[in-house]
Amino acid sequence: MSSSALIRPVALSGRSPHVEVGRLVQEMVPPPRFDGVRFETYEADPAQPSQAAAVAQLKAFAARPAQEARRGWFRREPAAPAGGVYLDGGYGVGKTHLLASLWHATPAPRERKAFGTFVELTNLVGALGFQPAVHALKDHRLLCIDEFELDDPGDTVLVSTLLGKLADAGVRLAATSNTLPGKLGEGRFAAADFMREIQGLSARFTSVRIDGEDYRHRGLPQAPEPYGDEQVTRAALRTPGSALDDFGALAAHLATVHPSRYGALCDGVEAVFLTGVSEVTDQATALRLVVLADRFYDREIPVMASGVPFDRLFAAELLAGGYRKKYFRAVSRLTALARDAGAGGAA
């Protein structure tokens with residue numbers, strides 16, 4: 001991450017990208033870190049036979065003709081799951097790996113398959129409107145939703161209604177989900193909870209169980225010590241593709257950019273440098289930062305920062321609230337990206 005020549009960093013807070021509708025849909029693909037995953041690269045644990053069984057079920061689901069899937073909506077335990085699959089497993093068992101592998105294995109053009117997180121899907125509906133979003137996705141062969149979030153009842157109903165419309169149009173669905181807010185420490189959501197929360201849509205899904213050891217940390221990971229403002233600035237000036245921002249200015253700017261455009265905000269950026277990171281107490285600001293952290297993480301953009309460490313980014317009252325699962329994920333991802341920055345020689 002270093003160069004002898006001085007670089008002129010861009011400022012994310014100075015960007016206001018305009019994104020065409022077509023691009024929003026086209027970018028619903030597995031993130032770069034899952035470009036190369038396939039069923040064949042999934043290392044099933046011999047001690048957990050459900051893992052190899054899940055791969056076989058998902059391979060059959062990928063290959064199944066669409067018309068067969070529509071006829072099989074209500075079959076309980078088909079050899080090849082019918083119209084929708086829910087990957088039921090704890091943290092660290094490879095659900096996202098398998099979901100991305102399913103996307104890659106489904107024999108359809110890229111433009112007829114979509115992959116995104118629950119947040120990205122709600123952002124798409126917010127940017128396009130409900131009916132235009134249905135129209136944009138109704139001709140797809142497959143829609144994969146990673147980390148289906150159930151901490152906001154309104155969003156859950158919105159997305160469940162959207163998926164019902166798409167399923168009626170013949171779009172096949174695949175999903176993973178997070179824990180309910182009150183079950184953060186349990187490590188898994190479980191199919192029964194997922195089916196109950198999505199109510200009428202549950203008949204569309206067959207559960208694919210994936211057992212395995214939970215590798216996820218139970219608490220917030222300890223973030224690296226932050227750098228000084230001058231260190232961050234100097235590193236930005238010698239790093240190609242850098243973006244250098246004051247944290248407060250960037251947080252304020254995010255309120256002027258629709259979250260569906262945060263990916264475009266990062267176009268061409270290879271590393272992010274932030275000065276003056278401070279504790280966030282406002283929930284709207286915090287949720288916008290969660291989305292931005294996801295976009296950094298998807299693109300594997302290292303983050304070097306001064307100010308408070310990332311494990312103290314969100315105020316205690318936010319971490320104790322209904323959206324704490326989102327904040328834990330953001331802290332975990334920003335911490336990993338901060339370590340990447342240090343390992344890459346940014347300091």
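Where is Phe-34 found? Select Phe-34 and you land in the loop between α1 and α2 (49–63). Helices (H or I, at least four residues) and strands (E, at least two) are DSSP runs, numbered from the N terminus. Before moving on, note that this is a predicted model: local features need pLDDT of at least 70, side-chain atom pairs count only at pLDDT 80 or more, and totals for chains, interfaces and linings use all residues. Residues are numbered from 1 along each chain as its sequence is written, and side-chain values use heavy atoms, with hydrogens and water left out.

**Stop 1: Phe-34**

Is Phe-34 buried or exposed? It counts as buried, at 18% relative accessibility. Buried here means under 20% relative accessible area, exposed means over 50%, and partly exposed is in between (1.4 Å probe, protein chains only). Now show what surrounds Phe-34: leaving out residues up to four places away in sequence, it touches Thr-96, His-97, Ala-100 and His-104. Contact means heavy atoms within 4.5 Å. Draw a C-alpha to C-alpha distance from Phe-34 to Thr-96 and you should get 8.4 Å, for two residues that are 62 apart in sequence.

**Stop 2: the whole chain**

Zoom out. The chain has 14 helices and 8 strands, and of its 347 residues, 52% count as buried. It exposes about 14800 Å², with carbon and sulfur atoms supplying 50% of that; the areas come from the Shrake-Rupley method with a 1.4 Å probe, and for residues only the protein chains shown count as cover. Take the contacts between residues at least 6 apart in sequence: 84% of them join residues at least 24 apart.

**Stop 3: the sheet of 5 strands**

Select β1 to β5. They form an open sheet in the order β2-β3-β4-β1-β5, and the pairing is parallel. At the edges stand β2 and β5 (205–210), each with a single partner strand, so one side of each has no neighbour in the sheet. The twist averages 15° from one strand to the next. Two strands pair if DSSP finds at least two bridges between them.

Start at the β2 edge. β2 and strand β3 (residues 142–148) run parallel and are joined by 5 bridges; along them, Thr-117 stands opposite Asp-146 in β3. How many residues of β2 are buried? The count is 5 of its 5. Turn on the side chains: Lys-113, Phe-115 and Thr-117 point one way from β2, while Ala-114 and Gly-116 point the other way. In a regular strand the side chains alternate between the two faces of the sheet.

Cross to the other edge, where β1 and β5 pair in the parallel sense over 6 bridges. Val-85 has Thr-206 in β5 as its bridge partner. Next, pick Leu-87, which sits in strand β1 (residues 84–89) and is buried, with a relative accessible area of 1%. Leaving aside neighbours within four places in sequence, the contacts of Leu-87 include Leu-58, Leu-98, Ala-175 and Val-208. The C-alpha atoms of Leu-87 and Ser-207 are separated by 6.2 Å, although their positions lie 120 residues apart along the chain.

**Stop 4: helix α6**

Select residues 130–137, which make up helix α6; Ala-133, Val-134 and Leu-137 are its buried residues. Viewed down the axis of α6, these buried residues fall within an arc of 100°, so they line one face of the helix. The arc is that of the directions from the helix axis to the C-beta atoms. An α-helix has 3.6 residues a turn, so residues three or four places apart point the same way. Rotate to the face turned away from the buried side and you find the exposed residues Gln-131 and His-135. What covers the buried residues of α6? The cover includes α1 (21–26), β2 (113–117), α5 (118–128) and α7 (153–168).

**Stop 5: the sheet of 3 strands**

Now select β6, β7 and β8, an open sheet in the order β6-β7-β8 with parallel pairing. Its edge strands are β6 (242–246) and β8 (303–307), each pairing on one side only. Neighbouring strands here are turned by 10° against each other on average, direction ignored. Add helix α9 (residues 229–237): it packs on the sheet, touching β6, β7 and β8, and its direction makes about 160° with that of β7. Axes are lines fitted to C-alpha atoms, for helices over the stretch in contact, and angles run from 0 to 180 degrees between N-to-C directions. Between β6 and strand β7 (residues 271–277) there are 5 bridges, and Asp-245 has Leu-274 in β7 as its bridge partner.

**Last stop: two cysteines**

Finish with Cys-144, buried at 0% relative accessibility, and Cys-266, buried with a relative accessible area of 4%. The structure holds 0 disulfides, a disulfide being a pair of cysteine sulfur atoms within 2.5 Å.
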